[in-house]
Amino acid sequence: MEADRAIVDAMGNRWKAKTTLLPEAKLGDLVLVHAGFAISLVDEEEAKKTWQLIAEISEFEDTPNKVSG
Amino acid sequence: MLDRINKAQSMMNAACKAMGRQVHIMEVCGTHTVSIFRNGIRSILPGSLKLLSGPGCPVCVTDQGYIDIVLELADREDCIIATYGDMIRVPGKDHSLETKQAKADVKVVLSSEDALQLAKDNPEKTVVFIAVGFGTTAPATAVVVKEAAAESIDNFCILSGHKLVVPAMRALLSGKNHNIDAFLCPGHVSVIIGYGAFAEIVEDFGRPCVVAGFEAVQIIEGLAEICEQLSSGKAELKSIYPAVVTEKGNAAAQRVIEECFEPVDGFWRGLGKIEKSTLKLKDKYERFDAFKRFDITEAPAEEARGCRCGEVLCGLIEPPECALFGQSCTPQEPVGPCMVSSEGACAAWFKYSRKRAQKP
């Protein structure tokens, strides 16, 4: 991080983002980025729940179970 | 995950059965529109619950008059048009930015910063940044306007089409022929403006407002919460997206918007003129205002013949009810912005739904 420029890592992909709108962001924080700007810190516990949901969806798609009706 | 979906589904079924009437919930966020389609959410809702897609796609709600101005500016040899991707395929009278690209200087940018950089890299031309978007995107524009001012980048200006969602919600509810019972509120707009911004909709119109995230489970739980409220006669403001949404929102973003912009009356496709619904640069930054620099006044213009994007945007019709849908209006050859934009209801319906207009 330098002044208000930062590099963010999104599941392995690196992007540039500005932290002008999130002055409290520090190295290592989880952030939500929109149109090149970090706009919110992300609560880690809640983020983990979302990632868990996404993982469950992938697992579900890979198994032979199907929801009927 | 399935547990959560099943629970939410049971709640919705029970609540809707208890109400015994058709219930209409409107979402006002393009990202919700797409997620709802991509996940097939409508297919698991009770039959009496109808999900309406509202004016949540920023490119779609942009009036045709604004589009015409963008295309005129593109014709100027002294201008570079810098725009987010969605805008380039929106049709004007006989061209879009895309078809003009052979002669005009049009660059797609991922952020407002890129637009400012274009101005720095091309001092002999004027860069016009097509600043379209709701509350989530407006702060990004404000930041670069301030930077342009601080660094005296005078060959940079913005054509502001930034719109405010709450006045549009009020306009919809004040109209005569709507049937909206509640709103599913946008996730990332709420990150900026805070979910408290929707309190006035609850207080003044007695409609439940629930902010939800974009994953399928989050949307379904948001809908279940709304159904619960409706069946118990409640109208409350709630956010179920605690990961990033707070009541007050992002103070730094709100400050920078307040510093650079003021809300003025503006034209919306489908909704006409809405008071204090569009952001205009304050006088302090007027030299970066493309409307002033090129002496342009925005006036509403007519949509293409037969185009019913306006009605789609108000949730009055569903895309297949438009005679052009799937016939003369397709993603390959769109007539209106709802079919062009990645967040447009018509594009989403075309891509994800099996219902198509019947061929004559």
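**Close-ups of a predicted two-chain model**

**View 1. How sure is the predictor about chain A?** Chain A has an average pLDDT of 80, and 83% of its residues score at least 70. Keep in mind that this is a predicted model. Look for strand E1(A), residues 5-10: confidence in chain A is lowest there, with a mean of 74. Strand E4(A) is where confidence in chain A is highest, at 94. For the model as a whole, the scores are ipTM 0.85 and pTM 0.91.

**View 2. Chain B and its shaky stretch.** Chain B averages a pLDDT of 94, with 98% of its residues scoring at least 70. So where does pLDDT stay under 50 in chain B? Find residues 356-360 of chain B, and you have the stretch. The model gives those residues 6 contacts beyond four places in sequence.

**View 3. Where chain A touches chain B.** Here 20 residues of chain A are in contact with 21 residues of chain B. Which elements of chain A give two or more residues to this side? They are strand E3 (31-34), strand E4 (37-41) and helix H1 (44-62) of chain A. H1(A) supplies the largest share, 6 residues. Sort the residues on chain A's side by class and you get 11 nonpolar, 5 polar and 4 charged. E4(A) may ring a bell from View 1, since confidence in chain A is highest in that strand.

**View 4. Chain B, split into domains.** Chain B is divided into three pieces: domain 1 (2-55 + 165-239), domain 2 (64-161 + 253-293) and domain 3 (309-349). Notice that domain 1 of chain B is written as two stretches of the chain, and so is domain 2. Taken over C-alpha atoms, the centres of domain 1 and domain 3 of chain B are separated by 22 Å.

**View 5. Domain 1 meets domain 3 in chain B.** In this close-up, 12 residues of domain 1 of chain B are in contact with 8 residues of domain 3 of chain B. On the domain 1 side, the elements giving two or more residues are H2 and strand E2 (49-53) of chain B. Which of them gives the most? That would be H2(B), with 5 residues. By class, the domain 1 side has 6 nonpolar, 6 polar and no charged residues.

**View 6. Helix H2(B) beside helix H15(B).** Stay with H2(B), which covers residues 30-38, and look for H15(B), residues 345-352. Their axes come within 10 Å and cross at roughly 10°. Angles under 35 degrees count as roughly parallel, so that is how H2(B) and H15(B) lie relative to each other. The crossing of these two helices is right-handed. Thr33(B), Val34(B), Phe37(B) and Arg38(B) come from H2(B), and they meet Ala345(B), Ala348(B), Trp349(B) and Tyr352(B) in H15(B). By class, that contact has 6 nonpolar, 1 polar and 1 charged residues.

**View 7. Helix H1(B) packed on helix H10(B).** H1(B) spans residues 2-19 and H10(B) spans residues 216-231. They pack at an angle of about 30°, with their axes 8 Å apart. That angle makes H1(B) roughly parallel to H10(B). Their crossing is left-handed. If you'd like to trace the contact, residues to pick out on H1(B) include Ile5(B), Ala8(B), Met12(B) and Met19(B). On H10(B), look for Val217(B), Ile220(B), Leu223(B) and Cys227(B), among others. By class, the contact has 14 nonpolar, 1 polar and 3 charged residues.

**View 8. Helix H6(B) against helix H11(B).** H6(B), residues 138-150, and H11(B), residues 251-260, pack at an angle of about 60°. Their axes are 9 Å apart. Are H6(B) and H11(B) roughly parallel or oblique to each other? That angle makes H6(B) oblique to H11(B). The crossing is left-handed. On H6(B), the residues in contact are Ala138(B), Pro139(B), Ala142(B), Val143(B), Val145(B) and Lys146(B). Facing them on H11(B) you'll find Ala253(B), Val256(B), Ile257(B), Glu259(B) and Cys260(B). The residues of this contact divide into 9 nonpolar, no polar and 2 charged.

Terms used: Residues are numbered from 1 along each chain as its sequence is written. Chains are lettered from A and ligands numbered from 1 in the order in which they are written. This is a predicted model: local features need pLDDT of at least 70, side-chain atom pairs count only at pLDDT 80 or more; totals for chains, interfaces and linings use all residues. Axes are lines fitted to C-alpha atoms, for helices over the stretch in contact, and angles run from 0 to 180 degrees between N-to-C directions. Helices (H or I, at least four residues) and strands (E, at least two) are DSSP runs, numbered from the N terminus. Angles under 35 degrees count as roughly parallel, over 145 as roughly antiparallel, 65 to 115 as roughly perpendicular and the rest as oblique. A crossing is left-handed if the near helix is turned anticlockwise from the far one by less than a right angle, and right-handed if clockwise. Two residues are in contact if their C-beta atoms, placed from the backbone, lie within 7 Å. Ala, Val, Leu, Ile, Met, Phe, Trp, Tyr, Cys and Pro count as nonpolar, Asp, Glu, Lys and Arg as charged, and the others, Gly among them, as polar. pLDDT is the predictor's confidence in each residue, from 0 to 100. Domain bounds come from an automatic or database domain assignment.
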